[in-house]
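Visitor: Could you take me in for a close look at one helix and its packing? Then show me how it fits into the rest.

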Amino acid sequence: MTTSVPETGAKSRRARRTGVLGNTGLYLAVSVAAVFFLVPFYLIVRNALSTDAEITGENWKFFPTRLRWGNISELFDDPTVDFARSLWNSMAVAVLMTAGILLICSLAGYGLARIPYRHAGKVFYAVLATLMVPTAVTFVPSFVLVSSLGWVDSYRGLIVPGLFSGFTCFLFRQYFLGFPKELEEAARVDGLGYWGAYWRVVVPNSLNFFAAMATITFINGWNSFLWPLVIGQDPSAWTVQVALSSYMTNQTVNYHLIFMATAVSILPLLLVFLFLQRWLVQGIAQTGIKG
């Protein structure tokens, strides 16, 4: 009986030491990962404020001797690329596409989760089947259809073909399956139908999830490249990603403009992510998907 107390104390001290070492190792690993994650952003900022010679030269410096803030004005004054117009096009496409996808996919997901009808399962499996079709398979038919409608070099051609996402519809359905039915039943007692319950009860109580889906959809819309490259044939219809590619040609590569344009194009995404980040993980967790 007399030796049990010292043994217990020794075990607790060893446990504390193990916990401290474990936490130290965890913080060290996270710090190293954070450094590797931030290296590309450092390179973007460093090269955006440098000349081409300082970017490609042999004598590498952590930061150039003189920061070239004039690269910003050079970017927006470039007569060959209207970068301000490209930023506006990307913002319009991303915002309108986000609003359209949230409306259409949330309605589809709510209908699949709540409205009982005989072919609901078949429709849901058809939506899932679209996730298995490679984008390359539908790319040419989509372009032929958009071209026949006269939507080339227009917002309609850039936005309308991407207004439905099978994956977003699936996520909304998973979320609505876990939404409390008692709230909707109370709404029906008050005389609301499916639309009224959706608009007045479900949406106001699901803003966190809508914000998470809006973040993901906005980022995807902003970063899209191949479809805007084909549809936006006129420079006035270029999005920011297409404008970025124009700084690299077979003859020349404007390194400092590429990095400056990249830094400017990242800012809207950074602001959106910082504003909505607290809802991102929470919203995905609410879909009911198990890892």
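Guide: Start with α8 and α11: their crossing is right-handed (the near helix is turned clockwise from the far one by less than a right angle; anticlockwise would be left-handed). Keep in mind that this is a predicted model, where local features need pLDDT of at least 70, side-chain atom pairs count only at pLDDT 80 or more, and totals for chains, interfaces and linings use all residues. Residues are numbered from 1 along each chain as its sequence is written, and side-chain values use heavy atoms, without hydrogens or water.

Helix α8 covers residues 166-177, and α11 covers residues 207-223. Their axes come within 12 Å and cross at roughly 165° (axes are lines fitted to C-alpha atoms, for helices over the stretch in contact, with angles from 0 to 180 degrees between N-to-C directions). The two helices are therefore roughly antiparallel (over 145 degrees; under 35 is roughly parallel, 65 to 115 roughly perpendicular, the rest oblique). On the α8 side, the contact uses Thr168, Leu171, Phe172 and Tyr175. From α11 come Phe209, Phe210 and Met213. Contact here means heavy atoms within 4.5 Å. These residues split into six nonpolar, one polar and no charged (Ala, Val, Leu, Ile, Met, Phe, Trp, Tyr, Cys and Pro are nonpolar; Asp, Glu, Lys and Arg charged; the others, Gly among them, polar).

Now the other partner, α4. Helix α4 spans residues 83-114, and its axis comes within 7 Å of that of α8, crossing at roughly 50°. That angle makes α4 oblique to α8. This crossing, too, is right-handed. Ile101, Leu102, Cys105, Ser106, Ala108, Gly109, Tyr110, Leu112, Ala113 and Arg114 supply the α4 side. They meet Thr168, Cys169, Phe172, Arg173, Phe176 and Leu177 of α8. The tally is 11 nonpolar, three polar and two charged. Thr168 and Phe172 take part in the contact with α11 and also in the one with α4.

Follow α4 onward. Tyr110 and Arg114 are also in contact with Glu184, a residue of helix α9 (181-189). Glu184 is buried, at 1% relative accessibility (buried is under 20% relative accessible area, exposed over 50%, partly exposed in between, with a 1.4 Å probe and protein chains only). Setting aside neighbours within four places in sequence, Glu184 also touches Phe179 and Val202.

Two loop residues are worth a look. Asp153 sits between α6 (135-148) and α7 (155-159). Its phi is near 60°, a positive value in a residue other than glycine. Asp153 is partly exposed, at 33% relative accessibility. Leu49 lies in the loop between α1 (4-48) and α2 (52-56). Leu49 is buried, with a relative accessible area of 7%. Beyond its neighbours within four places, its contacts include Pro64, Trp69 and Met260. The C-alpha atoms of Leu49 and Pro64 are separated by 7.7 Å, 15 residues apart along the chain.

Last, the whole chain. The protein has 14 helices and zero strands (DSSP runs numbered from the N terminus: helices are H or I of at least four residues, strands E of at least two). Of its 291 residues, 36% are buried. Among contacts between residues at least 6 apart in sequence, 73% join residues at least 24 apart.
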